[in-house]
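Trainee: I should like to go through this structure step by step, beginning with its salt bridges and ending with its strands. May I put my questions in that order?

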Amino acid sequence: MKKYTNIKDISNLQETIKEAILLKMNPFEFQELGKNKTLVMLFFNASLRTRLSTEKAAKNLGMNVMVLNVNDAWNLEFEDGTIMNANTSEHIKEAAAVISQYADVIAVRAFPSLTDKQKDESEFVMNSFIKYATVPIVNMESATAHPLQALADAITITELTEKSKPKVVLSWAPHPKALPQAVANSFVEIMQNMDVDLTITHPEGYELNEVITKNTTINHNQEDALKDADFVYVKNWSSYNDYGKVLSQDKNWMITKSKLGDAKFMHCLPVRRNVIVEDAVLDSEQSVVMQQANNRTFSAQIVLKQILEKL
């Protein structure tokens, strides 16, 4: 693996998942692999699970880790040919090249604006680092994708499924704020590469990018979509077509125990209790959100391991 910025960078998903599960049994087995290697983590947005799990994964592999909250340090310029006489103090061309001298791998987290669809979809932050850095780049969530989370989700389903082809449902749920489509996008993409029966359910107007959903079944009736589900992944996202807008906060889309049936409940966290999901679900044995969160370490660790093996 030369970089990990989207799901397509995984050459063999099933083998990668198996290897990640094996890593959980002996997480310190490959510490020599990362010895004298450095991971630099750049955060354009705040993080809890991603920051801690990725740092832990790197240290499990024997790597040194440096963390920089970019917007607290200096404002980067990403536009070519710009006259930098405003509030940006350094261009990405120099910044990426310099950081590459300090790092063997660079991990980047940068959220969308949710106001300019074209700019967000250009992934200008992530792609600028890919273009100007001279070391591998890892995506810790970008404007349109969260591939580390998706890989952790795939690991979790593989560990827990009791069927050769489980029914997996991605359900929209209400939220008071406009949230990105990144988690939903990557979850759909990785499920399309697994042997699962995938359905997406959401109110009309919350369709994801058709380039991503392709021919995946979409059902606007949540309760019908959830019937006989084995895994229910719940996530809010703002409108894609009416970009970044909150079109509905319909409380009837909250996940309840009666809707869930016998399915496992999944969520990437953080989650708003009794808005996204009721306490009775989140506090039940059907909730596997802690296992998902734990698997964030091993999704990051298998990615870093595969990158280090190519250095």
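Trainee: In which helix do Glu15 and Lys18 both lie?

Mentor: This is a predicted model, and the side chains of Glu15 and Lys18 meet in a salt bridge, at 3.9 Å from N to O. The two residues are three apart, about one turn of the helix. The helix that holds both is α1.

Trainee: Is Lys18 buried or exposed?

Mentor: Its partner Glu15 has 43% relative accessibility and therefore counts as partly exposed. Lys18 has a relative accessible area of 51%. The cut-off for the upper class is over 50%, so Lys18 is exposed.

Trainee: How many residues apart are Lys8 and Glu189 in the chain?

Mentor: Lys8 forms a salt bridge with Glu189, with the closest N and O atoms 3.7 Å apart. The pair links distant parts of the chain, since Lys8 is in the segment before α1 and Glu189 is in helix α9. Their separation is 181 residues.

Trainee: Which class of accessibility does Glu189 fall into?

Mentor: Lys8 counts as exposed, at 66% relative accessibility. Glu189 has a relative accessible area of 19%, and the limit for the lowest class is under 20%. Glu189 is therefore buried.

Trainee: Which residue forms a salt bridge with Asp230?

Mentor: Asp230 is in the loop between α11 and β10, and its partner is in the loop between α8 and β7. The closest N and O atoms of the pair are 3.0 Å apart. At 17% relative accessibility Asp230 counts as buried, whereas the partner, at 48%, counts as partly exposed. That partner is Lys163.

Trainee: Why is strand β7 largely enclosed by the rest of the structure?

Mentor: Lys167, Val169 and Ser171 point one way from β7, while Val168 and Leu170 point the other way. In a regular strand the side chains alternate between the two faces of the sheet. The strand is largely enclosed because the number of its residues that are buried is five of the five.

Trainee: What is the handedness of the crossover from β7 to β8?

Mentor: Strands β7 and β8 run parallel and are joined by five bridges; Ser171 has Thr201 as its bridge partner in β8. Between these strands the chain passes through helix α9. This β-α-β crossover is right-handed.

Trainee: Which residue of β10 stands opposite Leu170?

Mentor: Strand β10 covers residues 231-234 and runs parallel to β7, with four bridges joining the two. Opposite Leu170 stands Tyr233.

Note on methods:
Residues numbered from 1 in each chain as written. Predicted model: local features only at pLDDT ≥ 70, side-chain atom pairs only at ≥ 80, totals over all residues. Heavy atoms only, no water. Buried < 20%, exposed > 50% of the residue type's maximum accessible area, 1.4 Å probe, protein only. Pairing = 2+ DSSP bridges. Right-handed = clockwise from strand over helix to strand, strands pointing away. Salt bridge = Lys/Arg side-chain N within 4 Å of Asp/Glu carboxyl O.
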